[in-house]
Amino acid sequence: MNLRLLAAGMLIALAAAQPTLAQPLSPNRLTVSPTGPYTTIEAALADAADGDAIEVRGGIYPTLVVEKSVTLEGVDWPVINGGGEGTVVTLNAPNIVFRGFEVRNSGIEPDRDHSGITLTAPGITAENNRLREVLFGIFVAKAHNAVVRGNDISSKSQFNIGRKGDAIRLWFSKGVTVENNHVHDARDLVMWYSEEVIVRDNVFENGRYGIHLMYCDGAQIERNRVLNNSVGLFVMYSKNVALRDNDIRGQRGPSGYALGFKDADFVEVTGNVIVDNRAGVFMDGTPFSPQGYGLFRDNIFAFNDVGAILLTAVRGNTFEGNTFWENVEQMAIQGGGQTGENVWRGNYWSDYTGFDADSDGYGDTPYRSERFFENLTDREPMLRAILYSPAAQTIEFAASSFPIVKPQPKFVDETPMMSPRAIPPSALAPQESPAPMALLGLGLLAAGVACGGLAFMNRKARESRKDSLPSPRSLRLNESMAVNTPLETAVRVENLVKRYGKAAALNGVSFEARAGESLALWGENGAGKTTLIKALLGLIDYEGRAEIEGNDTRRNGKAARRCIGYVPQEAIFYDMTAQATMEFYARLKKVDVGRISALLEKLGLAEHARKPVPALSGGLKQRLALAVALLADPPVLLLDEPTANLDAKARSDYLALLAALRKEKRTILFASHRIEEVETLADRVLVMESGRVIETLTPGEVRLRLAPHATLTLWVPESDRQRAVAVFERQGWCAHLNGRGTVVVYVEAEQKLQPLTRLAEEGIVVKDFEMERGRLWN
């Protein structure tokens with residue numbers, strides 16, 4: 001009996017102990033910091049087990065390879081510095097979590113995929129990290145179900161955009177989520193052979209391709225902001241792809257497609273805002289299979305050069321419920337052969353002129369895209385340079401009057417909507433590079449927007465204050481004008497309002513520019529700067545009043561435009577020499593060709609007069625655009641960010657030319673995002689916000705109010721450059737090496753001399769430096 005009781009007691013004890021033996025051990029939390037208990041991440045990894053957490057508190061650490069399934073969490077932004085060699089962080093175990101680090105200084109060899117962070121196992125999360133001066137950013141290589149979240153990624157500042165690496169690269173990685181990242185100044189987010197990928201809530205800006213998919217079936221791209229890249233989003237050789245609610249603006253590269261599709265299948269594009277690109281959507285071989293489809297629904301295509309470009313072989317797409325708003329050309333067909341069959345149904349077209357007698361919300365007559373001149377531009381895109389010229393209007397009139405040249409419609413929308421979708425404020429005006437305005441502006445040039453004798457007479461009259469009678473030619477010109485403004489005021493705007501639906505792009509704008517005054521328009525993207533310039537050029541309707549040299553831009557638009565020289569951000573010219581280009585526009589403007597030589601000499605173009613325009617640099621092309629604008633000696637210049645695409649040297653030279661024009665008492669109104677332009681050119685600055693002028697500042701006040709930071713570029717001996725960066729980083733300043741062999745440091749404006757003081761204290765010699773506006777101080 002005692003033995004049976006003893007055995008029973010042992011069984012009970014074993015049963016009670018069994019659950020305790022089966023419970024996993026609690027994960028350990030190890031701490032790394034410059035003061036311990038661990039002083040290196042490698043030492044903590046050696047003692048860690050799978051599932052443990054390693055907290056890294058501050059400090060700078062070398063290249064890291066992680067082979068265990070641990071959580072690495074940075075506190076106070078510890079730095080992993082690759083020292084300019086290889087990949088900085090490699091994560092080789094499943095389910096690693098890597099967050100809260102600054103990863104810097106990878107190698108520079110693209111064929112060896114030198115990256116900031118490389119993921120090579122499933123289930124890894126890389127989140128809330130900062131990647132700086134790395135060639136490739138985050139490389140997900142055969143790492144299924146990875147998560148790339150909340151990272152701020154840029155590439156090597158020393159390289160141009162083509163030489164930089166991809167910010168995020170996916171390679172044979174299924175089920176990856178890419179979300180809430182800020183990618184900037186890097187090449188692409190590129191995905192190869194990666195299925196069921198989700199890309200959402202990211203910002204991609206100032207790169208080459210914002211998002212590039214190849215062989216990525218089942219991808220979902222949603223709620224991203226894709227801004228100011230060469231191309232926005234390009235889908236190739238992929239199927240079952242959905243693009244939803246993305247904001248894609250300012251793609252202005254050589255092609256400038258906001259959306260591009262090549263041999264893609266089963267594509268759904270819904271609810272996207274596509275604004276101010278060279279082309280809203282480009283279609284080639286999509287859908288790819290006979291049973292495939294492309295569905296474009298409830299998107300906004302606004303202020304693009306071309307709303308949609310389809311190759312002739314493209315067929316099987318449906319466009320319905322979209323808004324096509326003030327694109328220079330709503331739709332273009334490219335290529336030879338018979339146009340493919342696509343469905344255009346129930347879209348809104350801003351140039352539709354029909355009625356809705358039965359009030360069902362749809363037009364009573366179809367919308368037909370059949371402009372003859374547009375058909376010509378589809379075959380010869382350079383003709384867009386004279387889009388609004390008398391020549392284009394004459395061709396269009398002939399096409400409508402004589403059926404022998406009447407074109408076949410590119411497409412027909414049988415039930416056009418009468419009201420557009422609600423347009424978000426971000427879609428109300430082009431972003432930073434309104435190339436449609438470039439085309440329109442050169443159209444104005446070709447239309448003979450010249451001031452001729454009138455402009456010259458008015459300016460001389462202001463200077464001399466004489467009461468002598470004008471010449472007979474000047475009298476004839478004045479008789480065609482309604483002069484309501486004293487000559488002392490060159491530009492007058494009163495309560496200007498421009499609405500798109502319920503949203504106001506301009507809301508009660510009023511100001512005056514005195515004769516000879518230089519006025520800057522400053523504001524965030526979408527503030528209304530470009531819309532205001534459009535109104536002054538007479539290109540859009542509006543409420544209120546705008547006058548140029550006393551001429552109402554609505555009631556007497558031709559006379560007003562004769563007094564304007566307009567320089568767009570990016571000029572487009574024929575393939576002629578600079579001299580032939582000037583002669584061409586002189587004939588259009590009826591200006592004496594004798595002015596050409598003096599203008600070319602004045603603007604530093606004389607030695608380039610016989611060169612073809614395509615052979616000119618960007619800076620010389622902008623000088624040529626300025627020369628064309630000055631041909632008729634206009635009293636008012638409108639400049640829409642004319643230096644945005646120029647390098648520092650060309651920008652400096654161009655600003656010097658514009659500064660010289662100020663001495664001629666010419667009125668200048670210009671939009672700009674650059675402090676140095678404002679300080680060089682402006683007498684006053686109109687600060688715009690949400691379609692209003694909220695205040696008027698001096699250039700100095702703009703710098704203090706709106707530009708509280710300073711950038712210094714320092715020339716120091718090569719042997720001291722790394723030490724200089726370390727000195728700045730110890731001060732808490734952001735600094736890096738520049739491709740010109742310099743050190744760049746960012747500080748608060750009031751601290752801008754402190755970097756020089758700190759280097760002097762460390763015995764580091766500064767040979768030269770540039771401060772803020774790029775001007776050299778010795």
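**A buried helix residue, a parallel sheet and a nonpolar surface patch**

Alanine 724 is found in helix 16, which spans residues 721–730. In this predicted model, alanine 724 has a relative accessible area of 1% and is therefore classed as buried, the limit for that class being under 20%. When residues up to four places away in sequence are left aside, alanine 724 touches Val743, Leu759 and Ile764. One of these partners, isoleucine 764, lies 40 residues from alanine 724 in sequence, whereas the C-alpha atoms of alanine 724 and isoleucine 764 are 7.4 Å apart in space.

The chain as a whole provides the setting for this helix. Its secondary structure comes to 17 helices and 56 strands, and buried residues make up 54% of its 778 residues. Among contacts between residues at least 6 apart in sequence, 60% join residues that are at least 24 apart. The surface exposed by the chain is about 33000 Å², of which carbon and sulfur atoms supply 52%.

Among the strands, 12 form an open sheet with parallel pairing, in the order 4-7-10-13-16-19-22-25-28-31-34-37. The edges of this sheet are strand 4 (64–66) and strand 37 (329–334), each of which pairs on one side only. From one strand to the next, the twist averages 10°. In general, the strands of a sheet pair through backbone hydrogen bonds, in either a parallel or an antiparallel manner. At the edge formed by strand 4, 3 bridges join strand 4 to strand 7 (residues 89–91), and these two strands run parallel. Within this pairing, leucine 64 stands opposite valine 89 of strand 7.

Strand 16, a further member of the sheet order, covers residues 168–171 and is followed by a loop that leads to strand 17 (177–179), and phenylalanine 172 has its place in this loop. Phenylalanine 172 has a relative accessible area of 36% and is therefore partly exposed, a value that falls between the limits of 20% for buried and 50% for exposed residues. Phenylalanine 172 also belongs to a nonpolar surface patch of about 360 Å², which is made by Trp171, Phe172, Tyr193 and Tyr215. Trp171, another contributor to the patch, falls at the end of the range 168–171 given for strand 16.

The two residues examined here thus differ in their surroundings, because alanine 724 is buried at a relative accessible area of 1%, whereas phenylalanine 172 is partly exposed at 36%.

Note on methods: Residues numbered from 1 in each chain as written. Predicted model: local features only at pLDDT ≥ 70, side-chain atom pairs only at ≥ 80, totals over all residues. Heavy atoms only, no water. Patch = residues over 30% accessible without salt bridge, like charges linked within 9 Å, V, L, I, M, F, W, Y side chains within 5 Å. Areas by Shrake-Rupley, 256 points an atom, 1.4 Å probe, with all protein chains shown as cover. Salt bridge = Lys/Arg side-chain N within 4 Å of Asp/Glu carboxyl O. Helix = DSSP H or I, 4+ residues; strand = E, 2+ residues; numbered from the N terminus. Buried < 20%, exposed > 50% of the residue type's maximum accessible area, 1.4 Å probe, protein only. Pairing = 2+ DSSP bridges. Axes fitted to C-alpha atoms, helices over the stretch in contact; angles between N-to-C directions. Contact = heavy atoms within 4.5 Å.
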